[in-house]
Structures are given as C-alpha cells and as structure tokens.
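Q: Please take a close look at one part of this model: the place where the two chains meet. I would like a connected account that I can follow with the structure open.

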2 protein chains.
Amino acid sequence: MAGRASAQAALETRRSVVKAAADLASVEGLDSVTIGRLAEIVQMSKSGVIGQFRTKEALQLETVELVFSDFRTRVWEAVKRFPRGLPRLLAACDAWTEYAADPGYPGGCLMTQVTYDYDGRDGAVHEKLLEGRNQWRETLRADLTTAVEAGDLPEDTDIESVVFGLESLASFITPARLLHGDTRAADRAFQGMRRIIGVPE
Amino acid sequence: MAGRASAQAALETRRSVVKAAADLASVEGLDSVTIGRLAEIVQMSKSGVIGQFRTKEALQLETVELVFSDFRTRVWEAVKRFPRGLPRLLAACDAWTEYAADPGYPGGCLMTQVTYDYDGRDGAVHEKLLEGRNQWRETLRADLTTAVEAGDLPEDTDIESVVFGLESLASFITPARLLHGDTRAADRAFQGMRRIIGVPE
DNA sequence: AGATTAAGCACACGATCGTACGCTATGCAA
DNA sequence: TTGCATAGCGTACGATCGTGTGCTTAATCT
C-alpha cells in the first residue's frame with residue numbers, strides 16, 4: 001500500500017506509533033524502544049515511522065508527553081471537583097495509587113519507569129521529565145499548604161518531606177506488583193500515604 | 001601488551017570489568033552497558049572483555065551479584081551487632097538510607113536502578129534480582145516480627161505493608177537527589193520510615 | 001482537470017551491537 | 001627446561017541501530 005496524504009490519517013499514524021512506543025517502553029524502558037521494532041509492531045517501514053518525528057529523540061519526547069497527559073487526565077482531572085486542601089489531596093492519592101496499579105500500559109506505570117531511567121542522565125528527555133514531575137509536585141504542595149492553613153494538618157508539617165513520601169510510595173507500586181507479585185500494592189501505598197500525611201487511619 | 005596467564009591477574013581484570021559495568025549501569029541502566037564501551041573504559045579489547053564471561057548475560061548477572069554483595073556489606077553487616085527487633089530495624093533503616101544517598105556509584109543506587117529496569121522483564125537477571133531483594137525483605141520481616149513479639153510495635157502491625165513502605169522510601173532517594181536536586185532526600189526517607197513503622201518522632 | 005503537497009515505502013549508509021575464531025605470549029607444572 | 005593451559009589481542013561475521021535520499025501515490029487546492 002502506498003502513502004496517504006491525508007493529514008488526519010497521518011495524525012492517527014503518529015498516535016499509533018507513540019502508543020506503541022509507550023507500551024514497549026513500559027516493559028523494557030524508553031531506550032529499548034527502537035525504530036525497527038516500532039515499525040514491526042505498527043506494520044510500517046522504518047522510514048515511515050521515523051518520518052513522522054524526524055528524529056528518535058522527538059519520538060521519545062512525544063512519548064513522555066503522552067505519559068504525562070495521560071497521568072493528568074486519569075489522576076488530576078479526576079479530583080478537580082474536590083475542595084482544595086486535605087480532601088482533594090486524599091482523593092488525589094486514591095486516584096494516584098489506583099492509576100499506578102492499572103495504568104493501561106503492559107509494563108506498569110511509564111512515568112515511574114522513565115523517572116528511574118532518566119533521573120541521572122542529561123538531555124531533553126531528562127528536562128521534560130523534570131518539568132512534568134514538578135507540575136505534579138506543585139499541585140501536591142498547594143493542597144498540602146491549604147490543608148495546613150485550614151488546620152486540617154499540623155502547623156509544623158514538613159511539606160517537602162511529605163511530597164517525597166507520597167512520590168516514593170506511588171513509585172513502588174509497579175515493582176511490587178511486577179517483581180514480588182504483590183496484588184495489594186496500591187492499598188499498601190495508599191495506607192502508607194495516610195501515615196505520611198498524618199491523617200488518622 | 002600480550003596476555004598474562006596468571007589466574008590472579010585474570011581475577012583482577014574480571015573485577016575491574018564488573019566494577020566498570022556497575023558504574024556505567026548506575027547512570028544509564030544495565031542494558032546500556034555494552035561490551036564495546038566497557039572495553040574502552042578498562043582499556044582492553046572487546047574480545048578480552050567478553051572472554052572473561054563468555055556471554056553478556058553472565059556479565060550482567062555478575063554485576064547484579066556485585067551490587068547485592070555491596071549492599072549486604074554496607075548495610076546488613078553494619079547492623080549485625082544490634083539487638084534483633086526494633087533496634088536493629090531502625091539501625092538498618094539508618095544505614096540503608098545513608099547507603100542510598102551515597103552508594104559509591106556515580107548514577108546512584110544500582111540496586112534500585114536494576115529493580116525498576118527489570119521488574120517487568122523475564123530472564124535470569126529478573127530472577128537474580130528477585131532473589132536478592134527477597135533476602136533483604138526476609139531480614140526486614142524478621143526484625144519486624146521480633147519487634148511486634150517484644151511489644152515494641154503494636155500487635156496489629158501490617159508487616160507486609162511496612163516492608164512495602166520502607167522499600168518505597170529507600171528507592172526514591174536516588175531520583176529525588178538526581179532529578180530534583182534534593183540533598184536531604186536520605187533524611188526525608190528516614191523520617192518517613194519512622195512514620196511507616198509507627199515509632200514516635 | 002491540473003498542480004501541489006505530503007505520507008509512506010524501498011533502499012542504502014556508516015556505526016555499533018554480541019559473539020566466534022585463531023593467534024601470540026605468558027605463567028605454571030612436569 | 002620443556003610443554004601446556006590460558007589471558008588477552010586482532011579480526012571478522014551477521015544483525016540491528018538511527019538517519020538520509022528519492023520515488024510512488026493519494027489527498028487537497030486553484
């Protein structure tokens with residue numbers, strides 16, 4: 001079959017490639033994602049795949065973007081309606097752990113995967129990863145601050161350390177599930193989050 | 001220079017290759033470690049490098065072994081003398097977080113890196129990783145059980161969830177440090193561990 | 001209808017991957 | 001001292017990597 005010049009069809013192709021990249025990356029890591037393997041998966045030629053993005057790094061960046069927009073949709077959008085502060089924070093933790101347990105990628109939460117893959121490297125992927133995570137951290141900080149101001153959390157709450165704890169617990173859900181076969185990892189994470197935040201069980 | 005048939009020299013070579021592999025893997029991940037790059041680092045030929053291990057997977061397995069034996073030495077051996085139960089558990093958490101903050105590898109704690117890299121894959125590396133982590137988990141469980149029996153922790157302590165929490169917090173030290181530049185990550189992890197365990201601050 | 005734009009393919013490139021083979025030179029045992 | 005085992009080198013192999021160049025073909029615009 002030959003080329004279709006429809007811009008809409010091209011967009012669909014683009015999406016299917018990025019989706020395949022995300023699936024593959026969740027299992028084997030972002031840099032195991034290879035143009036050749038992607039071409040095989042989406043049944044296209046190598047040049048057809050790379051042609052959409054010009055360079056492999058652009059494809060990686062778009063994959064990371066997909067991951068974060070996915071995360072925002074499934075977690076952030078889901079708790080927008082809750083009142084700011086402790087209620088929204090707890091709802092976010094609930095949605096967050098649930099997302100991590102079933103992120104829709106075969107190899108688990110890709111955001112976590114990319115985080116541990118690119119935390120120590122330089123480059124554009126590292127930067128975009130940092131930007132995406134910082135957005136989420138800022139959201140957490142905001143609700144924590146509001147919760148303290150509202151008197152729902154003690155005055156001396158160490159906000160940065162709580163954020164650290166929440167991110168830790170969410171991040172370990174995937175390895176606990178995949179490596180140790182822990183089917184209740186999400187529950188454990190949520191339980192731990194409540195302890196870290198300091199709300200009664 | 002030509003070959004030296006000394007078995008001791010060969011062992012030294014072997015160690016230097018594995019050490020280089022561990023250093024490189026801590027930054028870029030275990031499967032970015034390539035025979036050619038290793039050869040360049042240790043100033044040997046490719047065939048000289050691979051000849052020690054016959055296959056790349058064998059080299060990877062030996063690297064994972066080095067990581068765990070390193071961890072045991074720095075963390076487990078350091079707290080052996082403490083009395084079993086809560087005292088030894090807290091000492092272990094202290095040594096653990098300290099180790100994660102300064103593991104001696106340029107890219108952070110390699111045990112964590114490998115965990116997130118191979119949790120979702122099949123193969124020998126996955127198995128060895130699981131075995132190593134399970135040993136450590138068993139140690140944690142033992143001290144937790146002892147602590148409960150001694151009355152240092154409440155009867156209804158959910159041991160599995162506590163283990164999950166401790167592993168989570170320790171694992172996030174590296175990304176917090178490398179990605180977010182958090183220089184106090186180890187302290188936050190230790191503080192979180194105390195909350196997860198349920199000891200007063 | 002004809003011109004233009006772009007999607008996707010076939011193919012080729014230089015580089016690097018893991019591995020195998022044969023050779024040289026060394027240390028150790030007989 | 002002679003023979004043997006082996007550490008490490010040089011070289012080569014088939015595969016695959018990311019990327020670039022034309023070409024074909026279809027959709028869009030005048």
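A: The model is a predicted one, and the relation between its two chains is the place to begin. Chain A is superposed on chain B by a rotation of 180° with 0.0 Å of shift along the axis, and the RMSD is 0.0 Å. The two chains are therefore related by a two-fold axis. Within chain A, A:Ser168 has the C-alpha nearest this axis, at 2.6 Å from it. Both copies use the same surface, since 100% of the contact residues of chain A recur in chain B.

Next comes the interface itself. Here 35 residues of chain A are in contact with 35 residues of chain B. On the chain A side, the elements that give two or more residues are H1 (7-28), H6 (110-118), H7 (124-149), H8 (159-171), H9 (173-178) and H10 (185-197), each of them a helix. H8(A) provides the largest share of that side, with seven residues. Sorted by class, the side of chain A that touches chain B holds twelve nonpolar residues, 14 polar ones and nine charged ones.

Two of these helices, H7(A) and H8(A), also pack against each other within chain A. Such a pair is described by the angle between the axes and the distance between them. For H7(A) and H8(A) the angle is about 130° and the axes are 10 Å apart. At that angle H7(A) is oblique to H8(A), because the value falls outside the ranges for roughly parallel, roughly perpendicular and roughly antiparallel, the last of which starts over 145 degrees. The crossing of H7(A) past H8(A) is right-handed. On the H7(A) side, the contact is made by A:Arg137, A:Leu140, A:Arg141, A:Leu144 and A:Thr145. H8(A) contributes A:Ile159, A:Val162, A:Val163 and A:Leu166. By class, the residues of this contact are six nonpolar, one polar and two charged.

One residue in the loop between H6 and H7 of chain A can be added, namely A:Asp122. A:Asp122 has 9 C-beta neighbours inside 10 Å and so counts as exposed, the limit for that class being 12 or fewer. Computed along the sequence, so to speak, A:Asp122 is 77 residues from A:Ser45, and the C-alpha atoms of the two are 30 Å apart in space.

Note on methods
Residues are numbered from 1 along each chain as its sequence is written. Chains are lettered from A and ligands numbered from 1 in the order in which they are written. This is a predicted model: local features need pLDDT of at least 70, side-chain atom pairs count only at pLDDT 80 or more; totals for chains, interfaces and linings use all residues. Two residues are in contact if their C-beta atoms, placed from the backbone, lie within 7 Å. Helices (H or I, at least four residues) and strands (E, at least two) are DSSP runs, numbered from the N terminus. Ala, Val, Leu, Ile, Met, Phe, Trp, Tyr, Cys and Pro count as nonpolar, Asp, Glu, Lys and Arg as charged, and the others, Gly among them, as polar. Axes are lines fitted to C-alpha atoms, for helices over the stretch in contact, and angles run from 0 to 180 degrees between N-to-C directions. Angles under 35 degrees count as roughly parallel, over 145 as roughly antiparallel, 65 to 115 as roughly perpendicular and the rest as oblique. A crossing is left-handed if the near helix is turned anticlockwise from the far one by less than a right angle, and right-handed if clockwise. Copies are superposed by least squares on the C-alpha atoms of residues with pLDDT of at least 70 in both. A residue is buried if 20 or more other C-beta atoms lie within 10 Å of its own, exposed if 12 or fewer, and partly exposed in between; C-beta atoms are placed from the backbone.
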